[in-house]
Amino acid sequence: MFSIDDELHEFCESGVAVLIGWVDATGHPRVSYAWGPRVHPDARTVSVYVERERCTSLVEVAATRPQIAVTFTEPVSARSIQMKGPLLDTGEPTEAERAWVTRQRDAMTVSTSLIGDPPHIIRNLWMDDVIRIDFEVERAFDQTPGPNAGRPLVAGGVA
Amino acid sequence: MTTAFAPLEVSLDSIPSCFEGVVPSAICTVGEDGAPNVTYLSIVHRVDERHVALSRQFFKKTDENTQRNPLAQVEVVEVATGRMFTLDLKYERTETEGPLFERMRTHLDAVALHSGMANVFALKGVDICEVTQCSLVPGKPPVSGTGDPAAPVSLAQLEAVSQRIAAADDLEDLLHVFLEACRDLVGCEHAFVMLADERHEQLYTVASVGYGDSGTGSEIALGEGLIGLAAARRQSVRVTHMTRELRYAQATRLPATAADEDEIPLPALAATQSQLVTPMLSRHQLVGVVVLESERIGAFQSADECLVGIIASQVASAMTLLVSSHESAGEAEVTSDALDAGPIAAPVVVKYYPEDESVFLDNEYLIKGVAGGILWRLLRHYVDEGREEFSNRELRLDTSLALPDIKDNLEARLILLRKRLEERCDYLRIEKVARGRFRLDVSRPISLVSSEESDAASH
């Protein structure tokens, strides 16, 4: 089982851009932005937040604990990590979680503005009504563009 | 094989800016084990109303997945509004050659060269996918009023530019029309034209607009950097988000910013975000390139690229015609006017280095190459014979200049020389007096020193 070490934990919660991918009930791949990644104390579970309206097909299959893929990308350096594993649960975010998502979105907007993205466009990419997606990280990969893209990560050790 | 699918909810034609690469696109595929894989794509290129092309560089897993399961979904962003769209895709084939592959390869190679990552960024293939559905993603109301595409250029506007190109009297006028057209039709305030030298080894800047330093006379080798590669491959290169593309290329080396003493920096903006480099071709021959720049992301769209390509071809053809018509001009007797009154200021030391034909004025670099050789000969005639007026024809016949057989660059060299003189001193001028004839105006005494002669003298 993959374990998220401190450095990767910090990276995931540093205002990175997040993508989530899943396979819907008809077998079609689906992709959406996700927000506010949060690494749990067990270093294996990660929560991200997705727009309810955009991810109905994910919620539909949630009870089957489908495999999901989540990619974390730092806009300035283009460093990118992909984590994969089963969806564990979905839930309504608390007020504290909503505030966390807001802070992470703001941090990402700052990062993207550093490379010239207009903040008003970035802010238009998200919606307020989000739900929480918890998943277990079974595998992680270096997704940074370059010859090592796709290399499995062993940070924190592999069981 | 294209399958018959229902009409798209959103036509690809209606969202052209989604395929400009301003905001990176996301792609999700499915592996053999049923697990999804999600990553960013550098290029989603619209091929036609039902097909897109995806660049294949590093995405091993995405590539494996699409070979086994042809289904994928891509999410694209319309930068002007912030609207998002999903494209459901079905992989059809991979192309590793052909016009589309070459076009995408040139773009990636140019960015890689620009960022010093030339050997890392090789395009392995272009995946052609059928679009089975395109849908608007639920979201906030679209942003409006910022970055909206400009109104399309009318045929009447294009015709007016064509007429001005056809009516241009000389190369300088033609280049002026060209840069004005870039401003008026594309809305570009910063542009420059580089012409290919006779051996097709170098490009040199001959005209520019909208820069603090004109960059006239600056050079770049064919194949070097983004501009040089576009010229060498005779392919337009359009970058819509320079910072992101360079970051994506893990920029480790930016183009040199400190020029050598005898190098003139290219025209440059403080923070270029968009760049369009379009080759100027006449009868398949490279005449030069035009470079359009902006500090705004996504400033140049696909339609702009087409438009500039059309105008660049017209200008290149017009240049060829101008040369032909000037061949017979300038044959009138050239006067050998002696100076009425000698200049009275302190003499300027003009030093000439034959090995690269570079010319220095009071130890300040001015110009080199063919233009430097021309200036040296003109000043020799001026000092030795008191001549002020010259013809293009006599320069072409001057074997000591060793001008190549291809003559179409002589006028460009004279423009280059004139502009450099205007920028670097106030006592030497080249003024056109008639078609194919010009005058050398000198308002300071001249002292000519050739390094060859001084070397000989010192031995």
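Let's start with a helix packed on a sheet: in this predicted model, helix α10 (residues 410–424) of chain B lies across β18 and β19 of chain B, and its direction makes an angle of about 135° with β18(B).

The sheet beneath this helix is an open one of three strands, in the order β17-β19-β18 (chain B), with antiparallel pairing. At its edges stand β17 (389–391) and β18 (428–434) of chain B; each has a single partner strand, so one side of each is left without a neighbour in the sheet. From one strand to the next, the twist averages 30°. β17(B) is joined to strand β19 (residues 437–442) of chain B by three bridges in the antiparallel sense. If you would like a residue pair to look for here, F390(B) has F438(B) in β19(B) as its bridge partner.

**Around strand β13**

Another good place to look is strand β13 (residues 285–294) of chain B. How many of its ten residues are buried? Eight of them are, and the strand is mostly covered. β13(B) pairs with β8 (residues 190–196) of chain B and with β12 (residues 274–282) of chain B. The table sets these pairings beside the one from the three-stranded sheet.

| Strand pair | Sense | Bridges |
|---|---|---|
| β8(B) and β13(B) | antiparallel | six bridges |
| β12(B) and β13(B) | antiparallel | nine bridges |
| β17(B) and β19(B) | antiparallel | three bridges |

Individual residues help to fix the register: A191(B) stands opposite L292(B) in β13(B), while P279(B) has V289(B) as its bridge partner in β13(B). β12(B) and β13(B) also form a hairpin, with two residues between them. In the turn, R283(B) has a positive phi of about 50°.

**The nonpolar core**

In soluble globular proteins, nonpolar side chains tend to be buried together. Here, the largest nonpolar core has 155 residues. Which residues have the most contacts inside this core? They are V18(A), V70(A), F178(B) and V290(B). Helix α4 (residues 171–186) of chain B gives the most to the core, with ten residues. On the chain A side, leaving out residues up to four places away in sequence, V70(A) touches V18(A), L19(A), I20(A), A34(A), V46(A), V48(A), M83(A) and F135(A).

**Where the chains meet**

The contact between the chains takes 35 residues from chain A and 39 residues from chain B. On the side of chain B that touches chain A, the elements giving two or more residues are β1 (25–30), β2 (36–41), α1 (60–68), β5 (71–78), β6 (83–95) and α6 (242–248) of chain B. The residues on that side comprise 20 nonpolar, twelve polar and seven charged. For the complex, the predictor gives an ipTM of 0.94 and a pTM of 0.73.

**Chain B as a whole**

Chain B contains eleven helices and 20 strands, and 44% of its 459 residues are buried. Among its contacts with a separation of 6 or more, 70% join residues 24 or more positions apart.

The mean pLDDT of chain B is 82, with 82% of its residues at 70 or more. Two stretches call for care when you read the model. Residues 250–258 of chain B have a pLDDT below 50, with eleven contacts beyond near neighbours in sequence. The pLDDT is also below 50 over residues 330–343 of chain B, where the model has 24 such contacts. Where pLDDT is low, the predicted coordinates should not be read in detail.

Technical notes: Residues numbered from 1 in each chain as written. Chains lettered and ligands numbered in written order. Predicted model: local features only at pLDDT ≥ 70, side-chain atom pairs only at ≥ 80, totals over all residues. Core = buried A, V, L, I, M, F, W, Y, C linked by C-beta atoms within 7 Å. Buried ≥ 20, exposed ≤ 12 C-beta atoms within 10 Å, placed from the backbone. Helix = DSSP H or I, 4+ residues; strand = E, 2+ residues; numbered from the N terminus. Contact = placed C-beta atoms within 7 Å. Nonpolar A, V, L, I, M, F, W, Y, C, P; charged D, E, K, R; others polar. Pairing = 2+ DSSP bridges. Axes fitted to C-alpha atoms, helices over the stretch in contact; angles between N-to-C directions. pLDDT = per-residue confidence, 0-100.
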